[in-house]
Amino acid sequence: MKNIGVIVDNEFNSDIRVRKEIEILKNKGHKIHVLCFAFDDKQYPNEDDINVVRISIKRSIKNLLFFLLNRFPFYDLLWKKHIKKFILNNQIEVLHVHDLYMSKSAYQAVNSVKRDIPIILDLHENFPYAVQLYNWTKGFLRNTISKPKAWLKKERKYLSYSDKLILLSESFKQDLMNRYDFLKNENLIVFPNVIDLRKFEQFEIDPAIQKNDKITLMYFGGIAERRGIFETIQVFKEALKQNQNLELLLIGPVDKADKKRFTDEINASSVKDSITYIPWIPLSDLVSYMHISDIFLSPLQKNEQHESGVANKLYQYMFGAKPILVSNCKPQKELIENCNSGLSYSNNKEYLNCILTLANDEKLRLEMGANGRKQLYERYDNSTYENILLNLYK
């Protein structure tokens with residue numbers, strides 16, 4: 001068993017992917033140490049059987065340092081210093097580093113302690129493209145300072161700092177291998193955002209969360225322009241014009257830059273009585289809201305970032321046993337088509353037609369929902385991927 005150091009530049013507590021991987025490693029007997037942030041003197045709960053080391057910093061300072069990363073190396077230097085200390089204090093044998101931009105500081109820290117410590121780099125997204133979609137990089141001045149496109153050139157070097165890679169999808173893996181000949185198949189694994197089925201099975205349906213007499217379209221996750229929310233609202237308006245008895249249920253936090261537009265859109269007179277917005281729910285309540293819904297939505301805008309893997313919510317939706325309506329981002333489109341668990345669309349006209357098709361065909365909804373649940377258990381059980389992850393540490 002090994003002393004594994006997990007490096008993540010957030011608060012760790014609510015990072016579902018990181019926590020899931022840690023649980024797998026911990027259950028196998030590995031000793032887990034986590035290096036992460038503590039923002040604004042916030043107090044955090046103790047973690048069972050995990051040694052959590054936190055870097056105290058104001059969130060605004062962290063954001064500023066990250067914003068300036070392509071101009072000044074202060075963010076890298078901050079992490080190098082703390083990772084070095086973290087390695088020495090905890091006798092770290094393997095570093096599991098999350099996100100592309102963290103690999104350089106981890107590599108430099110390992111070199112500075114002069115130890116043979118392998119670095120496993122876990123890519124949560126296609127960062128060089130994702131960063132260009134973030135609101136904090138948009139606009140002439142912000143874009144000029146943050147230089148998001150620089151990551152397209154830096155990706156090769158930052159990938160080379162790692163010994164092994166964890167990726168979200170097979171298509172993303174093949175894309176990287178086609179671009180970078182130094183990447184070897186045996187050093188890359190695919191670990192998709194599958195869910196812990198046993199955990200979801202323990203969640204109970206809350207009888208207080210009641211279904212109304214409308215066909216409910218549900219979206220769960222971060223709410224932002226890049227996630228297709230505004231197209232969804234527009235298409236929903238068109239569906240209502242056709243006298244469809246529909247409700248749109250939106251659950252999740254709104255990106256700061258999109259809050260005003262989102263508030264204006266859902267309060268428009270034509271839809272405000274047919275849209276329900278809930279800013280946050282505990283994960284345990286998700287099964288209850290899926291239970292009262294009829295169609296699940298994943299309307300991500302098609303781009304290089306969303307082509308890198310399947311969002312966690314798709315597997316959560318499959319557990320909910322209702323049909324899933326997705327945009328034509330390749331990984332999620334392939335998942336839904338392979339499982340015959342929903343429909344996909346390429347434009348708003350097709351989006352509307354898919355909503356109308358599912359809303360008016362209960363038999364099809366039941367069939368597709370059952371297919372998704374069945375395929376989730378047969379093909380995407382988390383235990384299948386546990387061994388793939390654990391093999392990295394042999």
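So, a helix here is a DSSP run of at least four residues, and helices are numbered from the N terminus. Keep that in mind, because the expected span of a helix is 1.5 Å times one less than its number of residues. One caution before we look around: this is a predicted model.

Okay, let's start with helix 16, residues 362-379. It has 18 residues, and from its first C-alpha to its last it reaches 26 Å, close to the 26 Å you'd expect at 1.5 Å a residue. Now, which residues of helix 16 are buried? They are Arg-365, Met-368, Gly-369, Gly-372, Gln-375 and Leu-376. If you look down the axis of helix 16, those buried residues fall within an arc of 135°, so they line one face of the helix. Over on the other side, Lys-363, Leu-366 and Glu-378 are exposed. As a general reminder, an α-helix has 3.6 residues a turn, so residues three or four places apart point the same way.

Next up, the sheet. It's an open one with seven strands in the order 3-2-1-4-5-6-7, and the pairing is parallel. At the edges sit strand 3 (50-57) and strand 7 (188-190), each of which pairs on one side only. Going from one strand to the next, the twist averages 20°. Let's zoom in on one edge. Strand 6, residues 164-167, runs parallel to strand 7, and three bridges join the two. What is the bridge partner of Ile-166 in strand 7? That would be Ile-189.

Now for charges. Side chains of opposite charge can pair when their charged atoms come close. In this model the count comes to 18 salt bridges, and I'll walk you through some of them.

Take Glu-47 and Arg-19: they form a salt bridge, with the closest N and O atoms 2.7 Å apart. Glu-47 is in the loop between strand 2 (31-39) and strand 3, while Arg-19 is in helix 1 (residues 16-27), so this pair ties together parts that are 28 residues apart in sequence. Glu-47 counts as buried at 17% relative accessibility, whereas Arg-19 is partly exposed, with a relative accessible area of 28%.

Then there's Asp-294 with Lys-211, whose side chains meet in a salt bridge at 2.6 Å, N to O. Asp-294 lies in the loop between helix 12 (286-291) and strand 11 (295-298), and Lys-211 in the loop between helix 9 (197-202) and strand 8 (215-220), so here the parts being tied together are 83 residues apart in sequence. Asp-294 is buried, at 11% relative accessibility; Lys-211 is partly exposed, at 38%.

Where do Lys-241 and Glu-238 lie? Both are in helix 10 (residues 229-241), three residues apart, which is about one turn of the helix. They form a salt bridge too, with the closest N and O atoms 3.2 Å apart. Lys-241 is exposed, with a relative accessible area of 61%, and Glu-238 is partly exposed at 37%. There's also a network: salt bridges that share partners join Glu-225, Lys-237, Arg-261 and Glu-265.

Last topic, cysteines. How many disulfides do we get? Zero. For Cys-339, the nearest cysteine sulfur is that of Cys-329, 17 Å away, and Cys-339 is buried at 4% relative accessibility. Cys-354 is in no disulfide either; its nearest cysteine sulfur, that of Cys-329, is 14 Å away. Cys-354 counts as buried as well, at 9% relative accessibility.

How values were computed. Residues numbered from 1 in each chain as written. Predicted model: local features only at pLDDT ≥ 70, side-chain atom pairs only at ≥ 80, totals over all residues. Heavy atoms only, no water. Buried < 20%, exposed > 50% of the residue type's maximum accessible area, 1.4 Å probe, protein only. Arc of directions from axis to C-beta. Pairing = 2+ DSSP bridges. Axes fitted to C-alpha atoms, helices over the stretch in contact; angles between N-to-C directions. Salt bridge = Lys/Arg side-chain N within 4 Å of Asp/Glu carboxyl O. Disulfide = S-S within 2.5 Å.
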